[in-house]
Amino acid sequence: MTTTVRPGTPQRPSAVRLGLHRATIELKGFFRERDAVAFTFAMPAVILALLGSIFDGVYPGSDVTSAQYLAPSMIAAGVASTTFINLGTGIAADRDDGTLRRLRGAPMPPSAYFIGKILMALVVTVGETVLLLGIAVLAFDLSLPTDPVRWLTFGWVFLLGATACALTGIAASSLAGSARSAGAVMNLPYLVLAFISGVFYTPVGQLPEPLLTVGSLFPLKWMAQGFRSVFLPDSILPQEVVPSWEPGRIALVLAAWCIGGMVLCLTTFRWRGRRSR
Amino acid sequence: MTETPAIRVRGLRRTYGDTVAVAGLDLDVGAGEVVALLGPNGAGKTTTIEILEGHRHRDAGAVNVLGHDPAHADLDWRARIGIVTQDSGDLGELTVHESVSHFAHYYPRPHDPEQVIELVGLTAKATARVRTLSGGQRRRLDVALGIVGRPRLLFLDEPTTGFDPQARRRFWDLIRQLAGAGGCTILLSTHYLQEAEALADRVAVIVGGRIVADATPAALVGRATARTVVRWSDGRQETDDPAALIATLTTRYGGAVPELTVSRPSLEDVYLDLIGDGS
């Protein structure tokens, strides 16, 4: 074999370079599994299309329709789906099928694996968001904001929300005993949160107090509220829990979940399955 | 490099609950040696190998692999070992070439991926998705991924389980090439006696988490021939020189010895005897 060897100790490639390599491998793996791609993208889109068509009517004091109110919240649920569920089930599968074991046997810095996973989730999440926005604009006449300040808000809510959900998903992957149970394990909290965060049940202000209190502990409620502040006029504020978009609180809760999620990842992540230590 | 052993294990122990998987195991593997860890299922082969790979922690004992304790080894140490585990189901949607060249990126001075793919005989399958490979082809891909980083030490955990005889022989040729021209130290586990005999410089028989015999295949065979049994119509004798005995008998009978049989316990009998399963 003819690879030239330089004198001295050759350097192993950096974690960032390997992370980028992993991201391309992860994306290839993801997009080649066509049924998984179809269902990952379709689930939030189908729910938006269904719920948006079922509910009709305009909120009093505004010209916002039920479907338009639902759309930004569904984008938040879409972000949670392509980060939290996607990473949670994906990593559980990696643990089950030997991917993690093989990577641990290679001289790969652990951070390269996470960089790859998060970049993959980010690309998929951007795709999902564009798809949901497309449906909302074309089918439900949602108008996109022209004010750059609103897009700036969209940017930081998206980034903080996606990061918080991605880290929580990585941590939650350890809850699943196997790849087969991972789907169920990840979907239950997701669906429950989607209801009590005022995504499937609109408007959020109508939720029973105890559910609302629980929902307010988790990032989905705040991400949805952040996206509504981007796409909906202030005339809809009476339908919110408090008549304000509360950007400061949104940033605070999402940032807290980013930090908490990171701590959870670092403390609970398992490279091996539960039955093999 | 040749004077320091690649692997040195003393008093290795590992229990799972009440089950003792490894019970005070000693093992040395010299640099460049091919050693087979031979034993029945549940003997502790995989646990031992996984501890040496740094994939599993141990309860007691001293372990040194390429100068380091695998329990506290760093990535530079990882870059010098290659691992082929017992089963794998990953990489399904990637092609053979994508998989090998991706793993080549992790190592400081990898082999050329194309050459590795050719070495394991998968060139015709280079652009095939991994999930479409047969069991034997998948195993050869596992080996390709294990050696692409140019390891000094390669672990092979039951590499040919489930192979048909022809595939097994092709696989053996590959391992011989790695050990011969590649100069790679190899520790392989197997429960096939033939495989140990065909590949290994030394065979360590492991039973109940202990090494019960550690010798060259020839020495194990030597053990077998020492117990040749000669039977004839009115006698039976164990001897280590059957030819001399038969000559004596021939003289005594003045010709053909009636109902003469000479049975040499095969290497398999020795092995079965060692693992406590002999009759």
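## A tour from the largest cavity outwards

Start with strand E5 of chain B, which gives the most to the lining of the largest cavity, with four residues. Keep in mind along the way that this is a predicted model.

**Stop 1: the cavity.** Select residues 81-84 of chain B to see strand E5, then add helix H4 (99-105) of chain A and helix H5 of chain B; these are the elements that give two or more residues to the lining. The space they help to enclose comes to about 180 Å³. In total, 18 residues line this cavity. To find its centre, pick A:Arg101, A:Arg102, A:Gly105, B:Ile83 and B:Val84, the lining residues that lie nearest to it. If you colour the lining by class, you should get seven nonpolar, seven polar and four charged residues. The model has three cavities of 30 Å³ or more, so-called by the grid rule used here.

**Stop 2: a salt bridge between the chains.** Stay with A:Arg102 and show B:Asp142 as well. The two form a salt bridge, and their closest N and O atoms are 2.8 Å apart. How many salt bridges does the rule find across the interface of chain B and chain A? There are five. Polar contacts between the two chains come to 14 residue pairs, counting those with both residues at pLDDT 80 or more.

**Stop 3: the whole interface.** Now select the side of chain B that touches chain A. Helices H2 (75-78), H3 (96-104), H4 (113-119) and H5 (135-147) of chain B are the elements that give two or more residues to it. By class, this side has 13 nonpolar, 10 polar and 15 charged residues. Widen the view to both partners: 38 residues of chain B are in contact with 32 residues of chain A. The area buried between them is about 3,200 Å², with carbon and sulfur atoms giving 56% of it. Which residues of chain B lose the most area to chain A? Highlight B:Leu75, B:His105 and B:Tyr106, which together account for 21% of what the chain B side buries.

**Stop 4: two backbone angles.** Most residues other than glycine have a negative phi. For two exceptions, go first to the loop between H5 and strand E6 (153-157) of chain B, where B:Arg150 sits. B:Arg150 has a positive phi of about 60 degrees. Then move to the loop between E6 and helix H6 (165-180) of chain B and select B:Glu158. Phi of B:Glu158 is also positive, near 40 degrees.

Conventions. Residues are numbered from 1 along each chain as its sequence is written. Chains are lettered from A and ligands numbered from 1 in the order in which they are written. This is a predicted model: local features need pLDDT of at least 70, side-chain atom pairs count only at pLDDT 80 or more; totals for chains, interfaces and linings use all residues. Side-chain values use heavy atoms; hydrogens and water are left out. Contact means heavy atoms within 4.5 Å. Buried area is the accessible area (1.4 Å probe) that two parts lose on being put together, summed over both. A salt bridge is a side-chain nitrogen of Lys or Arg within 4 Å of a carboxyl oxygen of Asp or Glu. A polar contact is a pair of N or O atoms within 3.5 Å; within protein, one must be able to donate a hydrogen and the other to accept it, and residues adjacent in sequence count only if both atoms are side-chain atoms. Ala, Val, Leu, Ile, Met, Phe, Trp, Tyr, Cys and Pro count as nonpolar, Asp, Glu, Lys and Arg as charged, and the others, Gly among them, as polar. On a 1 Å grid over the protein atoms alone, a cavity is a set of points where a 1.4 Å probe fits but cannot get out, and a pocket is an open set with protein on both sides within 12 Å along at least five of seven lines; lining residues have an atom within 4 Å of a point. Grid points are joined across faces, edges and corners, and a volume is the space filled by probe spheres set on the points.
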